[in-house]
Amino acid sequence: MNALTSTRIATGARSASAWTWRAALLLLLTALPWTARAFGLAELEAQLRATPVVRGQFVQQKFLRSLPQPLTSRGDFTLAAGKGLLWRLRTPIAQDLRIDANGISRRDESGAWQALPQQTGSGRENRLFLSVLAGDTQGLQENFDLALTGEANAWQLMLTPRSALLRQIFDNIQINGGKLVDRIELRETQGDRSVLQMTDAAAADALNAEEQRAFSH
């Protein structure tokens, strides 16, 4: 393994938690009852709330100005309304993460979930994430301007940060989808960007036994 490859894997592991809470924020964001004034938001709300459980595969790429190639991770996910997100990384490292109202947890070798420490300086961001989980749409609208375009089978939701802190992190966040969310792109102010693509996503009515155990411990 050459030095560049080692650096990329190490960087990917260190940033897994940060990427995951952002992905969780965006996935859960689209499943909430939006009240902001934008074309078709009521229809989008009804469409996405009709799927209490979503399972699928993901490919996540982090484009850094300092690296010639993106950092790429792959895995699968389960999004459950009212419970949170199971985010199972498979490459380049194997790691199971859970995002719920208590924060971000990682499953250790024994199968137990261990809470991850809060990222330095991210308290405001974590409160925003928790407001998404709690359905605090008023709090979300205080931080983002929302603009929806398109139609039921091909829509785009653009989030432009309003708060000073979020403007220091993101230029904007773009979510695309049809019946379900297909793609999320985070453009950061320093020029880096993250692209999350969901494939083979399918709706379900209930969690399976393993997923129920994961959310209950």
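Author: Rings of Phe, Tyr and Trp (its six-membered ring) are a pair when their centres lie within 6.5 Å, with planes under 30 degrees apart called stacked, over 60 edge-to-face and the rest tilted. The model is predicted, so local features need pLDDT of at least 70 and side-chain atom pairs count only at pLDDT 80 or more, while totals for chains, interfaces and linings use all residues. Residues are numbered from 1 along each chain as its sequence is written, and side-chain values use heavy atoms, with hydrogens and water left out.

Reader: How many aromatic pairs does a search of the whole structure find?

Author: The search covers the whole structure, and the number of aromatic pairs that it finds is two. In one of them, the rings of Phe58 and Trp87 have centres 3.9 Å apart and planes at 10°, so this pair is stacked. Phe58 belongs to strand E1 (residues 53-63) and Trp87 to strand E3 (residues 84-91), 29 residues apart, where strands are DSSP runs of E, at least two residues long, numbered from the N terminus. To return to the count, the number of aromatic pairs is two.

Reader: Is Trp87 buried or exposed?

Author: Buried means under 20% relative accessible area, exposed over 50%, and partly exposed in between, with a 1.4 Å probe and protein chains only. Its stacking partner Phe58 has 1% relative accessibility and therefore counts as buried. The relative accessible area of Trp87 is 0%, which means that Trp87 is buried.

Reader: Which residues form one aromatic cluster with Phe58?

Author: The largest nonpolar core, a set of buried Ala, Val, Leu, Ile, Met, Phe, Trp, Tyr and Cys residues joined through side-chain atoms within 4.5 Å, has 30 residues, and those with the most contacts inside it include Phe77 and Trp87. A second, separate core of eight residues includes Leu86 and Phe215. The residues that form one aromatic cluster with Phe58 are Phe77 and Trp87.

Reader: Which residue in E11 stands opposite Arg183?

Author: Strand E10 (residues 181-188) runs antiparallel to strand E9 (residues 170-177), to which seven bridges join it, and two strands pair if DSSP finds at least two bridges between them. Five bridges join E10 to strand E11 (residues 193-204), also antiparallel. E10 and E11 form a hairpin with four residues between them, and Gly191 in the turn has a positive phi of about 105°. Opposite Arg183, the residue in E11 is Gln197.
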